[in-house]
Amino acid sequence: MLSAISKEEFLFLVKKYYDVLIVALLFSIGVAFFVSKLAWRKVTGSRGHIPGRLGLPFIGETISFLSATNSTRGCYDFIRLRRIWYGKWFKTRIFGKIHVFVPSTEGAKMIFSNDFAKFNKGYVKSMADCIGDKSLLCVPHENHKRIRRLLSDPFSMNSLSSFIEKFDKMLCQKLKKLEQGGKSFSVLDFSMRMTFDAMCCMLMSVTDEPLLRQLEKDCTAVSDGILSVPVMIPGTRYYKGIKARRRLMETFKDMIARRRSGKEWPEPEDFLQSMLRRDSYPPNEKLQDSEIMDNLMTLIIAGQTTTSAAMMWSVKFLDENQQVQDILREEQLSIATSKPEGASITLEDINNMSYCWKVVKETVRMSTVVMWYPRVALSDCTIEGFEIKKGWHVNIDATCIHNDPDLYPDPSKFNPSRFDEMQKPYSFLPFGSGPRTCLGINMAKMTMMVFLHRLTTAYRWTVDDLDTSLEKKAHIPRLRNGCPITLTAL
């Protein structure tokens, strides 16, 4: 606080140099205006040029993007607004990088079909830092094919058959307990816990409750840090995410060391053990420890966050569309009544759930939990007449494609029967496309279908909070309230 004398001196100086200060202020405003006209230029939609606003170097529109992410409208509100301002095609600058949002099936085809050749994966720094540079999501082309091939075993039909049986039994027990308790519960929290525990059991045979909860806490922190400002400041989401990643790596290292020493030997063999069994194999037939650990975390987080969000949205959409729910329940009851009481769901049962699969497809179309697919242009190119420069990020906007009325008439209506007809290529992108298609596509599909089977054949439910606000700071769209429901046995 200024003393009385210093205040008087300050006022004297202001009065004495008032004119100079006014000139300096006006000059500063003029310079700022001139810089803003250069930096915050709005590019016209002339032929070949993509409209949009790049903003100041590095900063660009990062603040606006983070503001949308930190709101209950979700980060896609940032894209939605700019599409209103500039049209379907637009560019912006986020975290120092120029991003172009590609809204069409033609653009999606161009990018997906040229993955690795003309485009490469393009995540923001915070995502790459949290997930790890040896993750399947981040590795360069020369390593991607090998890692993907070696990671595919847990998602083979034999492995999935065992996974589904375990998941089904766990699900039945948990749902019954919740119904008997008679209390409201969050579908999102429930599905997050269910999918996490099931993935950890399948990948690492982890069933110890304290260890599961610690792993879940750290994986949640990593997931929260994926879309954050990449600065190591204590207390921030990025800082917590990086710290949690380090703890997870230490936990995985300890697991690997115990198994190699013979202190642990899971029966039947799980994913981690199948990778360690390859220690003596040639380099192109095995994963390094860093690759195993980064991809363990990737599989757990990717499998948990996306599938659990889709499960939550399916409950919401079915609650809002009773006719669809009735048709689905009829199909599922016909399958349930044809089986012995207490029998688990099989792959054959899932193959007979044709309408259920359409419900799942319509759920992931409308919710689009993976909102866009980021790629980086490896050279100058043209997409649908628009010029793309080397190094620009091109984001395949699945949300826009999934809500295009030319592709999906009345796109805001939940209508599983629209999938009675074949969809246009690259118009249905919940799992991506091309060589980077989601590795867990069948697991996600089966997990959701088993969940919907058990939910509709044994229970009815009421949604206890109809608020549609989205969770803040989430990199996928999820309801802030988690879709709380109360179950009633049929």
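Helices here are DSSP runs of H or I at least four residues long, strands are runs of E at least two long, and both are numbered from the N terminus. The model in these views is a predicted one.

**View 1. R146 in helix α7 and its link to K286.** R146 belongs to helix α7, which covers residues 141-151. Its relative accessibility is 13%, so R146 counts as buried, the cut-off being under 20%. What does the side chain of R146 reach at 2.9 Å? It's the backbone oxygen of K286. Skipping neighbours within four places in sequence, R146 also touches P283, N284, K286, L287 and E291.

**View 2. The buried side of α7.** Zoom out from R146 and the rest of helix α7 comes into play. Which residues of α7 are buried? The list reads H144, R146, I147, R148, L150 and L151. An α-helix has 3.6 residues a turn, so residues three or four places apart point the same way. The buried residues of α7 pack against α12 (271-276) and α13.

**View 3. Helix α11 crossing helix α13.** Helix α11 takes in residues 237-260 and helix α13 residues 289-320. Their axes sit 10 Å apart, and the packing angle is about 120°. That angle is why α11 is described as oblique to α13. As for handedness, α11 and α13 make a right-handed crossing. On the α11 side, the contact uses R245, L248, M249, F252, K253, I256 and R260. From α13 come D289, I292, M293, D294, L296 and M297. Sorted by class, the α11–α13 contact holds eight nonpolar and five charged residues, with no polar ones.

**View 4. Helix α9 against helix α13.** Here helix α13 meets α9, which spans residues 187-204. The two axes are 8 Å apart, with an angle of about 145° between α9 and α13. This crossing of α9 and α13 is right-handed too. Helix α9 brings V187, L188, S191, M192, T195, F196, M199, C200, L203 and M204 to the contact. Helix α13 answers with L296, L299, I300, Q304, T305, T307, S308, A309, M311, M312 and V315. How many of the residues in the α9–α13 contact are nonpolar, polar and charged? The split is 15 nonpolar, six polar and no charged. One residue to look for in both this view and View 3 is L296 of α13, listed in the contact with α11 and in the contact with α9.

**View 5. Helix α9 with another partner, helix α18.** Helix α18 runs over residues 441-458, and its axis comes within 13 Å of the axis of α9. The pair crosses at roughly 130°, so α9 and α18 are oblique to each other. The α9–α18 crossing is right-handed. In this contact α9 supplies V187, F190, T195, M199 and M202, while α18 supplies M443, T447 and F451. By class, the α9–α18 contact comes out as six nonpolar, two polar and no charged residues. V187, T195 and M199 of α9 take part here, and they also appear in the contact with α13.

**View 6. V450 in helix α18.** Staying with α18, this close-up centres on V450. Is V450 buried or exposed? With a relative accessibility of 0%, V450 counts as buried. Leaving out neighbours within four places in sequence, V450 is in contact with I164, F167, D168, L171, I345 and I350. V450 and Q332 are 118 residues apart along the chain, and their C-alpha atoms are 10.0 Å apart.

**View 7. Two loop residues with positive phi.** F95 sits in the loop between β3 (90-94) and β4 (97-102). Phi of F95 is near 50°, which is positive although the residue isn't glycine. Its relative accessibility of 15% is why F95 counts as buried. S205, in the loop between α9 and α10, also has a positive phi without being glycine, with a value near 55°. At 31% relative accessibility, S205 counts as partly exposed.

**View 8. Q214 in helix α10.** Q214 is part of helix α10, residues 209-225. A relative accessible area of 37% makes Q214 partly exposed. Q214 and A244 are 30 residues apart in sequence, and 10.0 Å separates them in space, C-alpha to C-alpha.

Key: Residues are numbered from 1 along each chain as its sequence is written. This is a predicted model: local features need pLDDT of at least 70, side-chain atom pairs count only at pLDDT 80 or more; totals for chains, interfaces and linings use all residues. Side-chain values use heavy atoms; hydrogens and water are left out. Axes are lines fitted to C-alpha atoms, for helices over the stretch in contact, and angles run from 0 to 180 degrees between N-to-C directions. Angles under 35 degrees count as roughly parallel, over 145 as roughly antiparallel, 65 to 115 as roughly perpendicular and the rest as oblique. A crossing is left-handed if the near helix is turned anticlockwise from the far one by less than a right angle, and right-handed if clockwise. Contact means heavy atoms within 4.5 Å. Ala, Val, Leu, Ile, Met, Phe, Trp, Tyr, Cys and Pro count as nonpolar, Asp, Glu, Lys and Arg as charged, and the others, Gly among them, as polar. Buried means under 20% relative accessible area, exposed over 50%, partly exposed in between (1.4 Å probe, protein chains only). A polar contact is a pair of N or O atoms within 3.5 Å; within protein, one must be able to donate a hydrogen and the other to accept it, and residues adjacent in sequence count only if both atoms are side-chain atoms.
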